[in-house]
Every structure is written in structure tokens, then in C-alpha cells.
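Student: I have a chain in front of me and no idea where to begin. Can you walk me through it, feature by feature?

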Amino acid sequence: MSRCDTLYLVVTQKENPEETDLSETENVAERPKKERVIHTRVPAVLEAELKRFAENLRVPVSNLVRTILEDAVAVADRATDKVEQRLRTAAQQLHEEREKVRKSIASDPLEGVYAFQALVINSGDECAKCHAAIEAGDEVHLALSDRPGPRTFVCADCVPSKK
Ligand SMILES: [Zn+2]
């Protein structure tokens, strides 16, 4: 992935469109629609963060970005630098919130696992990591650990690999 990817945004125009600094691709006076698409470049890491967060919320990335933008614009001075600062702050908060949520979720189900043994399973179960259903005959990996506990299997997608 390149360092910066183009993210396509749909921005709903609110009142005072002349004050919106995102309207650089079209003449304001000739604009017939309320919704416009803007193209912008974002760091790949921010894009990945947005995509993951949107996935967690089960909403399209564009909706998430629009919500963040609307929130930022509603609060901020409309000067470009202020909006940009707000976006950066929002992205940072997003990252911190995700970290908090991630840490509050139950500890890593694969903690203490030192190896994975590939095998064909003979009974139903679920992947310890992604909770995908595992059925008899599936090729899965048994998680090997010195700690006591139930047998733990992971699906082919969740077993670590060097790629
Ligand atoms: Zn899995």
C-alpha cells in the first residue's frame, strides 16, 4: 500500500456553503446538488484506522468520515487549518478510543500459546480468535499452550504466517 491513498468523501453541504473550504472542485454558484464528492489524500495509517473503525461499527467508511467531518466543522472555526487540526484531533481520539475498547475486551485468547498444530478436526467448534464456525473435516490449527484450559483451535485465516 502506498503511504497516501486517495479517499473519496461525500460531504453534505450545510448552510453558508461559501464558508466551506472543501468546495474547491466546483463553482459554488453553479452547484446544483446538496451532496458533493471530494477527493482528498490521507495517510495510509489513518485510512486503515478509519476502515477498521467503520468495520467495527458496521457502517460505510464514507458515513464515518462524514460524521467526523460534520462534528469537526460544527465545532471548529471554518478556517482550513482549524478544520484540519480538528480532523487530526478526531483521528487521534478515534485511535485512543479504539485502544481503550481493545484493552477492555477480554484478554487475548491465544496468550501463552507457543505453537500451532495443523490438523483436520472431527467435531464442530469455533475459531478462538475470529469466532468463525469450524466444522468436522475443516483444516484448522490446534493452539498448544502449557497453561491449563479448554482445547483451542484457530481457523486458517487466524493462524500466524510469515506471508
Ligand atoms: Zn479465525
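Student: In what order do the elements of the chain run from the N terminus on?
Tutor: Helices and strands are DSSP runs, numbered from the N terminus: a helix is H or I with at least four residues, a strand is E with at least two. Here the order is β-β-α-α-α-β-β-β-β-β. That gives three helices and seven strands. This is a predicted model, where local features need pLDDT of at least 70 and side-chain atom pairs count only at pLDDT 80 or more, while totals for chains, interfaces and linings use all residues. Residues are numbered from 1 along each chain as its sequence is written, and side-chain values use heavy atoms, with hydrogens and water left out.

Student: How much of the chain do buried residues make up?
Tutor: Buried means under 20% relative accessible area, exposed means over 50%, and partly exposed lies in between (1.4 Å probe, protein chains only). Of the 163 residues in the chain, 27% are buried.

Student: Which residues coordinate the zinc ion?
Tutor: Look for donors first: N, O and S atoms within 2.8 Å of the metal (3.2 Å for Na, K and Ca). Water is not among the atoms, so sites may look incomplete. Here the SG atoms of C127, C130, C155 and C158 coordinate the zinc ion at 2.3 Å. Their spacing in sequence is C-x2-C-x24-C-x2-C.

Student: What does that spacing tie together?
Tutor: C127 sits in the loop between β4 (125-126) and β5 (133-134), and C155 in the segment after β7 (152-154), so this pair links parts 28 residues apart in sequence. C127 is buried, because its relative accessibility is 0%. C155 is buried as well, at 12%.

Student: Why is the zinc arrangement called tetrahedral?
Tutor: Check the angles. Four donors count as tetrahedral if all angles lie between 85 and 135 degrees; four count as square planar and six as octahedral if opposite donors are over 155 degrees apart and all others between 65 and 115; anything else is irregular. The four donor atoms here subtend 106 to 117 degrees, so the arrangement is tetrahedral.

Student: What is notable about the phi of H131?
Tutor: Its sign. H131 is a residue other than glycine, yet its phi is positive, near 65 degrees. H131 belongs to the loop between β4 and β5. R58, which follows α1, also has a positive phi, near 55 degrees.

Student: How do I check the span of helix α1?
Tutor: Take one less than the number of residues and multiply by 1.5 Å. Helix α1 (residues 44-57) has 14 residues, so 20 Å is expected; its end C-alpha atoms are 20 Å apart, which agrees. Its buried residues are A44, E47, E49, L50, F53 and A54.

Student: How many salt bridges are there?
Tutor: The rule asks for a side-chain nitrogen of Lys or Arg within 4 Å of a carboxyl oxygen of Asp or Glu. The count is two. E47 pairs with K51, with the closest N and O atoms 3.1 Å apart. Both lie in α1, four residues apart, about one turn of the helix. E47 is buried at 7% relative accessible area, whereas K51 is partly exposed at 41%.
Tutor: The other pair is E49 and R52, with closest N and O atoms 3.0 Å apart. They are three residues apart in α1, so about one helical turn separates them. E49 is buried at 6%; R52 is partly exposed at 41%.

Student: Which residues touch the most other members of the largest nonpolar core?
Tutor: In soluble globular proteins, nonpolar side chains tend to be buried together. A nonpolar core is a set of buried Ala, Val, Leu, Ile, Met, Phe, Trp, Tyr and Cys residues joined through side-chain atoms within 4.5 Å. The largest core has 13 residues, and C127, I134, F153 and V154 touch the most other members. β6 (139-145) and β7 each supply at least two residues of this core. β6 gives the most, with three. Apart from this core lies another, of nine residues, including L50, F53, I68 and A90.

Student: Where does A90 lie?
Tutor: In helix α3 (residues 80-104). A90 is buried, at 18% relative accessible area. A90 and L69 are 21 residues apart in sequence, and 8.9 Å apart in space, C-alpha to C-alpha.
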